[in-house]
Amino acid sequence: MVASCRHADLVAAAGPYAQLVAAQRRHVCGATREGTGKAASLGAIFQPDGERQMAAVLIKNGRIVTAVDDYQADILIEDGRIRTIGQGLVVGNQVETHDASGLLVMPGGIDVHTHLDWDFGVARTVDTFGTGTKAAAFGGTTTVIDFCNQTRGASPLVGLEDWHRRAASASVDVGAHMIMLDVNDQSLTDMQTLIRREGVTSFKLFMAYPGVLMLDDGALFKAMRLAGGHGAMICVHAENGQVIQVLVEEAVAAGRVAPKYHSLTRPTSMEGEATHRAIKIAELAETPLYVVHLSAREALAAVAEARDAGLPVHAETCPHYLFLTQEKYDRPEFDGAKYVMTPPLRDANHQQALWRGLSTNDLQVISTDHCPFCFNEQLFGMKFSKQQGKDDFSKIPNGAPGIETRLPLVYDGGVRQRGLSLNRFVALTATNPAKLFGLFPKKGTIAVGSDGDIVLFDPRVTWTIRASEHHSRVDYSLFEGHTLTGSVKKVFLRGQLIVDGKDWHGREGMGEFLRRGACGTL
Ligand code: URP
Ligand code: ZN
Ligand code: ZN
């Protein structure tokens with residue numbers, strides 16, 4: 001039910017975009033939308049069980065934290081879903097019981113930005129769905145939404161089929177966003193099929209990488225208009241690709257080929273410009289918008305201005321932008337290549353703006369943009385390695401790993417060190433992603449009827465990040481040697497214990513495909 005207000009009748013008569021804008025404006029006015037989303041989607045996105053769990057599981061004595069609650073209680077999970085939440089639950093001794101005394105009990109993390117087993121011709125990410133999702137699970141993430149792509153000239157439905165083959169080894173639940181490379185009558189029809197039949201309800205459009213991934217503004221507009229009319233979300237990679245291309249070509253021609261020129265040729269103003277342009281086109285196309293991997297103050301200002309005007313515009317940032325700065329590109333030898341992702345790392349002023357954006361809700365999600373290439377080529381070959389760009393930064397595969405460290409980094413750096421509330425921590429890493437991408441309340445919260453995706457998190461344990469201890473196949477970590485307090489202790493996927501300390505109890509292929517519902521707004 002839409003919360004009542006004096007515009008309710010008008011809104012009900014209007015199209016989906018007008019309703020979204022009105023809902024967003026109510027939010028700005030201070031009315032709560034929490035109940036609205038729950039009532040509207042409960043049942044609608046619960047799906048028939050694939051793999052049913054027979055055992056019942058009790059998690060007792062924990063401190064349950066959701067995006068809105070914080071209380072002490074026990075959780076009984078049956079057949080993969082949360083059956084009962086209450087204090088002092090009494091169960092028979094056939095029920096598998098886990099004592100969560102002293103632990104935080106939170107919904108499994110949702111990472112809505114990964115590139116697993118992603119082949120884009122010259123390079124391929126090194127994690128399979130099996131290894132990448134196992135790493136995700138050890139980091140407390142039980143749902144991943146991964147990017148699949150259309151091949152130019154072929155249907156995106158073919159791209160999805162191919163993605164399904166690769167994703168079959170996933171050991172946490174997975175959904176797909178579709179990267180659109182051609183926008184024409186046929187692919188616009190295919191987008192509708194993806195939304196209605198395949199449960200792929202979000203699309204990524206690139207404003208960068210001309211000749212490879214970039215769409216022109218007309219194509220952006222057409223794809224956005226289609227998405228807006230069908231309850232789908234448009235995700236944009238917002239950088240001015242053409243201007244950046246000129247800067248890159250000039251740098252290479254002048255012999256400026258070290259990794260630091262990746263950063264120097266991608267100015268923050270060009271991220272800000274593209275973000276502003278994407279918002280304006282989305283407004284005209286009447287579609288909700290989600291800006292991926294936002295890194296720059298100018299881009300954040302554009303998002304904040306749009307949200308203040310009541311537009312359904314959202315944005316995510318990533319741990320590397322929150323914890324690392326551009327000095328990494330000055331590291332000796334070729335080491336700066338490890339940090340070559342797009343957009344690049346920025347300076348401390350941008351970083352402070354991002355932290356502010358998280359607290360003002362201008363940024364609603366923290367995802368990883370896990371796009372792992374090995375540093376060395378010996379392990380899996382040159383195609384999987386940063387070494388491709390040894391003599392020319394523009395040939396370094398863009399992307400960096402991070403799927404296993406998101407929750408602990410944000411807990412330590414956000415909750416412990418910067419006063420982010422625990423509720424906000426859960427909102428940013430699980431609940432908001434679920435609401436925005438059509439998964440709530442099946443995923444993203446701890447409530448009766450929701451999937452039993454639960455993380456037991458020990459807030460007292462201090463540990464040090466070491467790539468050698470990770471479960472990804474990648475051979476480095478952006479955060480090597482960072483010492484954190486707060487660690488994932490146990491992870492349950494639909495009620496099954498899959499991570500217990502250092503022990504793995506999951507298995508490749510146990511992840512389910514998530515046919516997602518209509519995307520939401522926040
Ligand atoms: O450098 C990045 N971010 N690589 C992954 C592709 C993308 O733009 O998200
Ligand atoms: Zn991108
Ligand atoms: Zn990405």
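**Chat: metal site, rings and backbone**

Visitor: Hi! Where does asparagine 361 lie?
Guide: Asparagine 361 sits in the loop between helix 13 and strand 13 (365-366). Keep in mind that this is a predicted model.

Visitor: What is phi like at that residue, asparagine 361?
Guide: Phi is near 70° there, which is a positive value in a residue other than glycine.

Visitor: And is asparagine 361 buried or exposed?
Guide: Asparagine 361 counts as buried because its relative accessible area is 18%, and the limit for buried is under 20%.

Visitor: What about asparagine 61, how does its phi look?
Guide: Asparagine 61 is not a glycine either, and its phi is positive at about 70°. This residue belongs to strand 1 (residues 57-65). With a relative accessible area of 32%, asparagine 61 is partly exposed.

Visitor: Sticking with the backbone, which peptide bond involving threonine 342 is cis?
Guide: That would be the bond from threonine 342 to proline 343, with omega near -10°. Proline 343 is found in the loop between helix 12 (319-323) and helix 13 (348-360).

Visitor: And what kind of peptide bond joins phenylalanine 440 and proline 441?
Guide: A cis one, with omega at about 5°. Proline 441 is in the loop between helix 15 (422-436) and strand 14 (454-464).

Visitor: Let's go to the metals. Which residues are the protein donors of the zinc ion (ligand 2)?
Guide: Lys204 through NZ, His237 through ND1 and His293 through NE2. They lie 2.1 to 2.3 Å from the zinc ion (ligand 2). Along the sequence, the spacing of these donor residues is K-x32-H-x55-H.

Visitor: Which parts of the chain do lysine 204 and histidine 293 tie together?
Guide: Lysine 204 is in strand 9 (residues 202-206), while histidine 293 is in the loop between strand 11 (289-291) and helix 11 (297-308), so the pair links parts that are 89 residues apart in sequence.

Visitor: Are those two, lysine 204 and histidine 293, buried or exposed?
Guide: Both lysine 204 and histidine 293 are buried.

Visitor: How far apart are the zinc ion (ligand 2) and the zinc ion (ligand 3)?
Guide: The two zinc ions, ligand 2 and ligand 3, are 4.1 Å apart.

Visitor: Now ligand 1. Which residues come nearest to it?
Guide: There are 13 residues around ligand 1, and Lys204, His237, Thr342, Asp369 and Asn398 come nearest. Two of those names, Lys204 and His237, also turn up among the donors of the zinc ion (ligand 2).

Visitor: What distances do you get from ligand 1 oxygens to the side chains of histidine 115, lysine 204 and histidine 293?
Guide: Taking an N or O atom of each side chain, an oxygen atom of ligand 1 is 3.2 Å from histidine 115. For lysine 204 the distance from a ligand 1 oxygen is 2.9 Å, and for histidine 293 it is 3.5 Å.

Visitor: How much of the accessible area of ligand 1 does the protein cover?
Guide: The protein covers 98% of it, where ligand 1 on its own has 260 Å².

Visitor: Changing topic again: how many aromatic pairs does the structure hold?
Guide: It holds twelve aromatic pairs. In one of them, tryptophan 118 and phenylalanine 120 have ring centres 4.6 Å apart and planes at 40°, so this pair is tilted. Tryptophan 118 is buried at 6% relative accessibility, whereas phenylalanine 120 is partly exposed at 29%.

Visitor: And how are the rings of phenylalanine 129 and tryptophan 163 arranged?
Guide: Their planes are at 90° with centres 5.5 Å apart, so they are edge-to-face. This pair links distant parts of the chain, with phenylalanine 129 in helix 4 (residues 129-138) and tryptophan 163 in helix 5 (residues 156-167), 34 residues apart. Phenylalanine 129 and tryptophan 163 are both buried.

Visitor: Which residues form an aromatic cluster with Trp118?
Guide: Phe120 and Phe373 join Trp118 in one aromatic cluster.

Visitor: Last one, the cysteines. How many disulfides does the count come to?
Guide: Zero.

Visitor: Why is there no bond from cysteine 235 to cysteine 519?
Guide: Because the sulfur of cysteine 235 is 7.6 Å from that of cysteine 519, its closest cysteine sulfur, which is too far for a bond. A disulfide would need the sulfur atoms within 2.5 Å. Cysteine 235 is buried with a relative accessible area of 0%, and cysteine 374 counts as buried at 1% relative accessibility.

Methods. Residues numbered from 1 in each chain as written. Chains lettered and ligands numbered in written order. Predicted model: local features only at pLDDT ≥ 70, side-chain atom pairs only at ≥ 80, totals over all residues. Heavy atoms only, no water. Donors = N, O, S within 2.8 Å, 3.2 Å for Na, K, Ca; no water. Helix = DSSP H or I, 4+ residues; strand = E, 2+ residues; numbered from the N terminus. Buried < 20%, exposed > 50% of the residue type's maximum accessible area, 1.4 Å probe, protein only. Near = heavy atom within 4 Å. Polar contact = N/O pair within 3.5 Å; in protein donor to acceptor, adjacent residues only side chain to side chain. Areas by Shrake-Rupley, 256 points an atom, 1.4 Å probe, with all protein chains shown as cover. Phe/Tyr/Trp six-rings, centres within 6.5 Å; stacked < 30°, edge-to-face > 60°.
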